[in-house]
Each structure stands twice: as structure tokens, then as C-alpha cells.
Amino acid sequence: MAVWARQLARGWCLLARACAPEVPHRLKSHSSKTRTCHVFCPLALLHFRNRFFPWKVQTCRPLSAEHCAQPDSSKDGSLASPESHLPAQVNQKQEKAETIPDVHANVLYEDWDDIPPSSALEEISEEEAVKIIAEPLLPFQSSTLRDYVDHSETLTKLVHLGIFDLSQVEKRQKAGQLLLTLDFEKDIRKVLLFLKDVGVEDNQLGSFLTKNPYILGEDLEALETRVAYLKSKKFGKAEIAQMVSRAPYLLLFSVERLDNRLGFFKNELGLSVTKTKDLVIRLPRLLTGKLEPVKENIQVCQIELGFQRNEIQHIVFKTPKILTSSKKKLRKTFDYLHNVMGIPHSMLTRFPQVFNSKLLRIKERHLFLKFLGRAQYDPVQPSYISLHQLVSLPDEVFCTEIAKASMQDFEKFLKTL
């Protein structure tokens, strides 16, 4: 019933629009004494040739005093209709508008039958309800990128290529928002080709982009400019590839920042250009990390540990990681080596790799050698044991070749500590 009523109301509106343009909106009178007014009012349903129409335009024209009294009948004695007072032209147009061929009416009725229900409350059959497929909603906010993979062509392609791990990328600040705004073909493809051209291997690409997804949003021309700068500083292609792979954030630094970093290490440590270049090749994250910890470690080595400037240069050049080590660990390791084991500064300068070893390993092996009476670290004395042998050899080799004991003896000793 509700559908039939809507169809009938729509049909009336269509007919009203068809009729309205035929009726003049304003009729002008040529007489200054009389005025013509037009009233658009709803009338009762008029019966015309067995059809009903909901609206009709009624035009009223005031008459002069002598015509105010409406005659009771026409000349032939019949009642006068209201339409008889309208001009003949208007009356003909009105009759023409009211008459619609049956063919057009049938077409309209056929169209009405095809109109779907406009109400959300309209009841539908179970068969129609089963056919409705609801698209999954895109979450307005989510803590994981997995919710957006099906909606983002970029994320879908990156996942299918196995380029990076989404669970790790989403931990990077604003990395997820960046990836959702990028287009794979326009933005990402050219960066991937650039990285392969620089020398990042296919098996390293996933790890590289997982650590640094921000490079996908960088301008390609800026990236090429930074690589050109490194080449101008006499870094070879293989060296640049090694530096970029081991320090993924390197190419996010502008040319000015890279130049300032290289100048800092050269001037702060008093190194030559060649040694400075070799230093950052072996530990490229020196160019991307913070400089304050580096300054503090240099001061600790010089002021607290008592190393001379030339000794610091030698230690840093052979063991660059000492610049980024924990100051607390650096102090404790030096204190045990120098004050407990009696290793002089000169010996520590020759074997600075000992600062990268775990302090627990140094303690366990030194105490075991001391228990066996073999803790002798002076190179001019017999049975000399170098710091390199002390910390770098596996336990089995250390026991058999250095301590001259079995692995079982070493394990038993450790249980006594």
C-alpha cells in the first residue's frame, strides 16, 4: 500500500509539472481601472473523462460594478461554469494540459513499477536480504596496519612483495600514515629501483625498509644528490652500498648535515681525511646517531680513564663502537682491567677490542686463570696471555689452549663463583 501511494503521488507531481508551464503566471490588464490577480490553490479532485487530477489553476478577474452580479443562467437557461469567464486562449491551453494520451500514461506506470523502495524501513524478502553484500568499513582509527591492507593498494603490493614486516613498521612514529598516503606506482616504485641501483641487495631490502620506511616518501632528486655528495668525498660504490645498508637512515640526512658530521669526527678526534672516511665506513651509524654521547665518551676516555689524545685516536680508529658504548659499562670495564687485572694504558691501547667484550666473560676467565696460576698478561714474561686471546676465543679453545684444562673443569669452577 505504501509503494502504491508513493507511485500515485509521484505521478501527480509529474502531471502538475507538465501542466504548469502552459498556464501564464501573470495576466496583464490593459485597463487602468481593472486589475487581474492569479491564485494557485488546490481544488477538489476534478472528474474529467473518467480521470482524476489533483491540482488546478484558478484565475480570478474582478469585474466592474455592472458585472458584479453573476447571472443565474446562460441564454439557454443552463448554469454558467467558472471556466466560461476565462479568455478563450487560456481555456484551450488548460484543456490541452489536462489531456494526456494513454500511451504516455502506460509508460509512466511501467517506470513506477521499476522504482526501488526509497525507505530504509521497507520490508524485503529473505532472498533479497541474502543477496546484499556489505563492504567492510575502513576503520577511522586503528593500532595496526593490517586493518588497512585490503583497502590500500600500496600496502597490498608491499606485503605481497615481502618487502617489510607491517608489525614492525607500525611501531615507527607516523610511518603508517605515510604509507597510506603514498601511491605505489608514482611514489614507491622509483625509490625501490633507486635503492637497488645504490647497491642495497634484495635480501637486505626488507630489513632496510622495515627500519626506515620514511625513505619511501623522500624526493628522488634529493636522494640522488646525497649519493652524489658521498661520491664526491671519494667513497666508492661498494662503500656507499655498505654504509646505506648498515645505516638505513643515512640517506635521510641532507648534504649539509652529512658534511657537518664528517667535519666533526675529523676535528674532534684529530683524524686525517682518509682515517675519518675509514671510520664512518666501518661504523656508518656514527653519521646518523646523536653527537652528544660521542662527545661524552671522548671526555670520559680522556679525563676519567686517563688516556692521551693520541691513544684515544688509536682506540677509536681500531674500535669505533667505543664512541657509542654506555659510559657506565666503559668505566666498569676499564676499572676491572686496569685496577684489578693490572693492565696498563699502553696494553689497553694495543687491544681496545677488550672494551667491546662482556665484563662477565672477562671476570670468569681471569679468575679461572688466576686459580690455575696462569694469569700472566705481561708480554715480556713467560706464559704471556694476550687480551685478544682472553676475550675472543670460544670456551673450548680457551680451556684447552690457554688455560690448559678441560671444559668440565671450567664449568665446575664457574659453579663455585
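**Reading a fold by its cut-offs**

Modeller: Residues 24 or more positions apart supply 67% of the contacts in the protein chain with a separation of 6 or more. Contact here means heavy atoms within 4.5 Å.

Colleague: What kind of model is this?

Modeller: This is a predicted model, where local features need pLDDT of at least 70 and side-chain atom pairs count only at pLDDT 80 or more, while totals for chains, interfaces and linings use all residues. Residues are numbered from 1 along each chain as its sequence is written, and side-chain values use heavy atoms, with hydrogens and water left out.

Colleague: How many helices and strands does the protein chain have?

Modeller: The protein chain has 21 helices and four strands. Both are DSSP runs, numbered from the N terminus: helices are H or I with at least four residues, strands are E with at least two.

Colleague: Why is α8 called roughly parallel to α10?

Modeller: Helix α8 (residues 184–198) and helix α10 (residues 220–232) pack at about 10°, with axes 11 Å apart. That angle makes α8 roughly parallel to α10. The label covers angles under 35 degrees; over 145 is roughly antiparallel, 65 to 115 roughly perpendicular, and the rest oblique. The axes are lines fitted to C-alpha atoms, for helices over the stretch in contact, and angles run from 0 to 180 degrees between N-to-C directions.

Colleague: Which residues make the contact of α8 with α10?

Modeller: Lys-190, Val-191, Phe-194 and Val-198 come from α8, and Leu-220, Leu-223, Glu-224 and Val-227 from α10. By class, six are nonpolar, none polar and two charged. Asp, Glu, Lys and Arg count as charged; Ala, Val, Leu, Ile, Met, Phe, Trp, Tyr, Cys and Pro as nonpolar; the others, Gly among them, as polar.

Colleague: What makes α13 and α15 oblique to each other?

Modeller: Their axes cross at roughly 40° and come within 9 Å. Therefore α13 and α15 are oblique. Lys-275, Asp-278, Leu-279 and Arg-282 of α13 (273–282) meet Val-316, Phe-317 and Lys-318 of α15. This contact has three nonpolar, no polar and four charged residues.

Colleague: Which residues of α13 are buried?

Modeller: Thr-276, Leu-279, Val-280 and Ile-281. Their cover includes α11 (237–246), α12 (255–269) and α15. Across the protein chain, 32% of the 417 residues count as buried.

Colleague: Why does Ser-357 count as buried or exposed?

Modeller: Its relative accessibility is 12%, so Ser-357 counts as buried. Buried means under 20% relative accessible area, exposed over 50%, and partly exposed in between (1.4 Å probe, protein chains only). Ser-357 sits in the loop between α17 (345–350) and α18 (359–372). Beyond its neighbours within four places in sequence, Ser-357 contacts Lys-329, Ile-362 and Val-391.

Colleague: And why does Lys-404 count as buried or exposed?

Modeller: Lys-404 has 58% relative accessibility, so it counts as exposed. Lys-404 lies in the loop between α20 (395–402) and α21 (407–416). Its phi is near 60°, a positive value in a residue other than glycine. Ser-383, in the loop between α18 and α19 (387–392), also has a positive phi, near 55°. Most residues other than glycine have a negative phi.

Colleague: How many cavities of 30 Å³ or more are there?

Modeller: Two. A cavity is a set of points on a 1 Å grid over the protein atoms alone where a 1.4 Å probe fits but cannot get out; lining residues have an atom within 4 Å of a point. Points are joined across faces, edges and corners, and the volume is the space filled by probe spheres set on them. The second largest cavity holds about 30 Å³.

Colleague: Which residues line the second largest cavity?

Modeller: Ser-325, Ser-326, Lys-329, Leu-330, Thr-333 and Phe-355. Two are nonpolar, three polar and one charged.

Note on methods. 1 Å grid on protein atoms, 1.4 Å probe; cavity = no way out; pocket = protein on both sides within 12 Å on 5 of 7 lines; lining within 4 Å.
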